[in-house]
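Colleague: I would like a close look at one turn of the chain in this model, followed by an account of the parts around it. Please take the turn as the starting point and work outwards.

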Amino acid sequence: MDLLATWMPWIKFVHLAALLAWCASLLALPSLLALCPVTEGRVNRRRLRAATRFVYIALASPAAVLAVVSGTALIHLMDVYAPWFFAKLTLVAAMVLFHAGCGKLILVLRERPRMWPPGLLQAMAAVPVALILGVLWLVLAQPALGPLSLPRLR
């Protein structure tokens, strides 16, 4: 148990640092994607694509992997299996889907940069904000969620 007590703060630190980087990247990606339709000039478009790909490939994706792996380790080390925790995992899964969707949009906007209006792409920023706030609320409040009950069919 001594080994666990020694490594637990480090695993938590890695988890929180990776989460901060991942969440910041998820907040930045919609803004970068919104610049695609309005960027003029071949060199400027190429620089924007490079910056967007860098944020996605070099920052967001490694941070997401680190956050998920360290979070999985913490689940097992801390024995957290409460109902609020499964709700949190659902929101984290939605964050992963948003992350993957941004990757798909990077590929689509490379071929057709004016496919969607910039306002719609910028409005996408509301999705990670809602997910991040939901995860924070669940982790900090740890509400007493009861088991989900489905309505009875007669």
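Where is Asp 79 found?

Modeller: The model is predicted, and the description below should be read with that in mind. Asp 79 is found in the loop between α2 and α3. The two helices that flank this loop are α2, which covers residues 42–78, and α3, which covers residues 83–111. The backbone of Asp 79 deserves attention, since its phi is near 50°, a positive value in a residue other than glycine. Most residues other than glycine have a negative phi. As to its surroundings, Asp 79 has 56% relative accessibility and therefore counts as exposed, the cut-off for that class being over 50%.

A positive phi is also found at Gln 142, where the angle is about 40° although the residue is not a glycine. Gln 142 is found in the segment after α5, the helix of residues 126–141. Its relative accessibility is 45%, so Gln 142 counts as partly exposed.

From the loop at Asp 79 one may follow α2 itself. Arg 45 lies in this helix, and Arg 53 lies in helix α2 as well. With a relative accessible area of 27%, Arg 45 is partly exposed; Arg 53, at 39% relative accessibility, is likewise counted as partly exposed. Each can be placed against another part of the chain. Arg 45 and Leu 107 are 62 residues apart in sequence, with 14 Å between their C-alpha atoms. Arg 53 and Leu 32 are separated by 21 residues in sequence and by 9.8 Å in space, C-alpha to C-alpha.

Arg 45 also leads to an internal space. The structure holds 1 cavity of 30 Å³ or more, and the largest cavity contains about 110 Å³ of space. Rolling a probe the size of a water molecule over the atoms shows where empty space is left. Among the residues that line the largest cavity are Arg 45, Leu 48, Arg 49 and Thr 52, together with Leu 33, Cys 36 and Thr 39; the lining also includes Ile 106, Leu 109, Arg 110 and Pro 113. Both α2 and α3 supply at least two residues of this lining, and α2 gives the most, with 4 residues. The helices on either side of the Asp 79 loop thus each take part in lining the largest cavity. By class, the lining has 6 nonpolar, 2 polar and 3 charged residues.

An open space may be considered next. The largest pocket holds about 820 Å³ of space. It is lined by 28 residues, of which His 15, Leu 19, Lys 88, Val 135 and Val 139 lie nearest its centre. The helices α1, α2, α3 and α5 each supply at least two residues of the pocket lining. In this lining 22 residues are nonpolar, 4 are polar and 2 are charged.

Of the residues nearest the pocket centre, His 15 is one, and its place is in helix α1. At 12% relative accessibility, His 15 counts as buried, because the limit for that class is under 20%. His 15 and Arg 112 are 97 residues apart along the chain, and 36 Å separates their C-alpha atoms.

Helix α1 has a part in the surface too. Leu 3, Trp 7, Trp 10, Phe 13, Val 14 and Leu 66 make a nonpolar surface patch of about 690 Å². Helix α1, which covers residues 2–35, gives the most to this patch, with 5 residues. Val 14 is one of the patch residues and has its place in helix α1. Its relative accessibility is 33%, so Val 14 counts as partly exposed.

Finally, another loop can be set beside that of Asp 79. Ala 125 lies in the loop between α4, residues 118–123, and α5. Ala 125 has 16% relative accessibility and therefore counts as buried, whereas Asp 79, at 56%, counts as exposed. Ala 125 and Arg 114 are 11 residues apart along the chain, and their C-alpha atoms are separated by 18 Å.

To return to the turn in question, Asp 79 is found in the loop between α2 and α3, is exposed at 56% relative accessibility, and has a positive phi near 50°.

Key:
Residues are numbered from 1 along each chain as its sequence is written. This is a predicted model: local features need pLDDT of at least 70, side-chain atom pairs count only at pLDDT 80 or more; totals for chains, interfaces and linings use all residues. Side-chain values use heavy atoms; hydrogens and water are left out. Patches are made of residues with over 30% relative accessible area and no salt bridge: like charges are joined within 9 Å, nonpolar side chains (Val, Leu, Ile, Met, Phe, Trp, Tyr) within 5 Å. Accessible areas come from the Shrake-Rupley method with a 1.4 Å probe; for residues, only the protein chains shown count as cover. A salt bridge is a side-chain nitrogen of Lys or Arg within 4 Å of a carboxyl oxygen of Asp or Glu. Buried means under 20% relative accessible area, exposed over 50%, partly exposed in between (1.4 Å probe, protein chains only). On a 1 Å grid over the protein atoms alone, a cavity is a set of points where a 1.4 Å probe fits but cannot get out, and a pocket is an open set with protein on both sides within 12 Å along at least five of seven lines; lining residues have an atom within 4 Å of a point. Grid points are joined across faces, edges and corners, and a volume is the space filled by probe spheres set on the points. Ala, Val, Leu, Ile, Met, Phe, Trp, Tyr, Cys and Pro count as nonpolar, Asp, Glu, Lys and Arg as charged, and the others, Gly among them, as polar.
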